[in-house]
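User: Please take a close look at how the ligand is held in this model. Then follow the chain outward to any residues that deserve a second glance.

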Amino acid sequence: MSLDVRPVTRSEIADWMKAVGVGFLTPAAEKPGEELVADRFGDADLSRMQGVFDAGRCVATFRSFAQQLTVVGGATVTADAVTGVTVSPTHRRRGLLSRMMATDLAAAKERGEVVASLIAAEYPIYGRYGFGPASWTAEWEISVARAGLDPRRSGQPADGGRIELVDGADVRKTGPEVHAALAARHPGVVGRGERWWRTRTGVAPRAEHETWTEPFYVVHRAANGEVDGLLVYGVDDKWGDSKQPLNTASVRDMIALNPAAERALWHYLCSVDWITTVRSGYRAPDDLLPLLLPDPRAARMVTHADWLWLRMLDVPRALEARTYAVEASLVLDVRDPAGLAGGRFLLDASDSGARCTPTTRSADLALDAAELATLYLGDESVRRLVDLGRADELRPGAATTADAVFRTGRRPWCPDVF
Ligand SMILES: CC(=O)SCCNC(=O)CCNC(=O)[C@H](O)C(C)(C)COP(=O)(O)OP(=O)(O)OC[C@H]1O[C@@H](n2cnc3c(N)ncnc32)[C@H](O)[C@@H]1OP(=O)(O)O
């Protein structure tokens, strides 16, 4: 029987979710209930929710949704965010992902979206579709005893700011505003809807495999009373043989709108009695964290990996959406075998914005759309891509100029998985 590749109907969503569980190795005994389906997908655009059906059974899944992505300079672009990509083990390596991806990217291009985005389960999957890693992430494990922070200062910072324990309900109120302020300043941040906050504070319906333990919620208030930091962490319950506390705190979410709030929140967490180890959660690879400790070697990096992947869909609009460190002109020859974003473009960049237009001038740099996606948020070095043979420097000095144009002082960071 032939496979039916198509958008799902509302009554098929529960089957679609069960298929996602098969692909992500989180099987469910029962189909998800109506309440969960309505909460997760009540507002979903079903034309962007693809399924593959074999004799009535859902065997592959793919979904995209509109996502606000912060780019360099603080503007946002609407991304075609790809998620829930699975093909059941019985149907893999027959081109089903390729078919669903081609359909989705063509529709996103048609809608006029600027980029597509995703968090890749495995590195080798998405490069073939023109995606490139645009931000990386890091996690540290801190040995509190070695960190060198003063354990007597467990609460109130010296600058008039203060730390307060709050409840999930408070976080649902203040969290969105703090996050919006982060999104306005940090490239790579993606929008969080109100469901995000309900899910992360334990009040949204849950799937069978999703367990919940209530975390601690903490905010940092600046001297003027405004909340400028948010910390959510869980703690395990571990004791040594001689009855010493050996608890690990694991950060689930931390937003700090300025370095003072960031320092205060780490200082707080490293000063709570019984907590001997802190897991930082996924941070930007250039987070202040290890260096703000008196002994940075107390923080061991336990994860360092690619995180947010992007795919260019409209090069001029994407490049015009961000700002640049220096004023310069560059001609980029962008290759895209899929025919979605390729062409030769003149970029006139400046710190207040840019003009990017098709051109017939000779190119300074030639690169694939995936490599341009990797450069887009300022995280990668053009010189390194040239040295790797992944970009061609067609005019001497062009890589140096492009690095000065594209790179940023701090690295992009996407705090979320989607
Ligand atoms: C954004 C997200 O949701 S990320 C989550 C991705 N999902 C998972 O990792 C769940 C487990 N894996 C799966 O469900 C499937 O294996 C998928 C979705 C990754 C791939 O689906 P398939 O239908 O098998 O992919 P498809 O047959 O279209 O493969 C296209 C090409 O990609 C390659 N490919 C597919 N998956 C992988 C992989 N995990 N690693 C390396 N190469 C891969 C195939 O070999 C094929 O290469 P070819 O064109 O040179 O022959």
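Analyst: A polar contact here is a pair of N or O atoms within 3.5 Å. Keep that cut-off in mind for the ligand. The model is predicted.

Start with the arginines. A polar atom in the side chain of Arg128 sits 3.0 Å from an oxygen atom of the ligand. Arg92 also offers a polar side-chain atom, at 3.3 Å from a ligand oxygen. Gly95 uses its backbone instead: a polar backbone atom there is 2.8 Å from an oxygen atom of the ligand. How much of the ligand does the protein bury? Alone, the ligand exposes 960 Å², and the protein buries 76% of that.

Next, the shell. Three elements each give two or more residues to it: strand S4 (76-87), helix H3 (96-111) and strand S5 (115-119). S4 gives the most, with six residues. In total, 24 residues surround the ligand. The closest are Val85, Val87, Arg93, Gly95 and Ser98.

Stay on S4 for a moment. Thr86 belongs to this strand. Thr86 is buried, because its relative accessible area is 5%, under the 20% limit. Its side chain makes a polar contact of 2.6 Å with the side chain of Thr61. Thr61 is also among the contacts of Thr86 beyond four places in sequence. The others are Ala19, Val20, Gly23, Phe24, Val59, Ala60 and Met100. Arg63 lies 23 residues from Thr86 along the chain, and the two C-alpha atoms are 9.8 Å apart.

Now a buried charge. Arg322 is in the loop between helix H9 (315-321) and strand S15 (328-335). Arg322 is buried but has no salt bridge. Asp403 has the nearest side chain of opposite charge, 9.7 Å away. A salt bridge needs a side-chain nitrogen within 4 Å of a carboxyl oxygen. What does the side chain of Arg322 reach at 2.9 Å? The backbone oxygen of Phe406. A second backbone oxygen, from Tyr376, lies 2.8 Å from a polar atom of the Arg322 side chain. Both residues appear among the contacts of Arg322, with Val71, Val72, Gly353, Ala354, Leu375, Leu377, Gly378, Val405 and Thr408. That list leaves out residues up to four places away in sequence.

Then the loop between H7 and S12. Cys270 is found there. Cys270 counts as buried, because its relative accessibility is 4%. Beyond four places in sequence, Cys270 contacts Ile142, Val144, Leu149 and Val278. Ser381 is 111 residues away along the chain, and its C-alpha atom is 35 Å from that of Cys270.

Trp274 sits in the loop between helix H7 (259-269) and strand S12 (275-279) as well. Trp274 is exposed, because its relative accessible area is 52%, and exposed means over 50%. Its backbone also stands out: Trp274 has a positive phi of about 85 degrees and is not a glycine.

Lys243 has a positive phi too, of about 65 degrees, and is not a glycine either. Lys243 lies in the loop between strand S10 (227-235) and strand S11 (247-256). Lys243 counts as exposed, because its relative accessibility is 65%.

Terms used. Residues numbered from 1 in each chain as written. Predicted model: local features only at pLDDT ≥ 70, side-chain atom pairs only at ≥ 80, totals over all residues. Heavy atoms only, no water. Helix = DSSP H or I, 4+ residues; strand = E, 2+ residues; numbered from the N terminus. Buried < 20%, exposed > 50% of the residue type's maximum accessible area, 1.4 Å probe, protein only. Lys, Arg positive; Asp, Glu negative; His and termini not counted. Polar contact = N/O pair within 3.5 Å; in protein donor to acceptor, adjacent residues only side chain to side chain. Contact = heavy atoms within 4.5 Å. Near = heavy atom within 4 Å. Areas by Shrake-Rupley, 256 points an atom, 1.4 Å probe, with all protein chains shown as cover.
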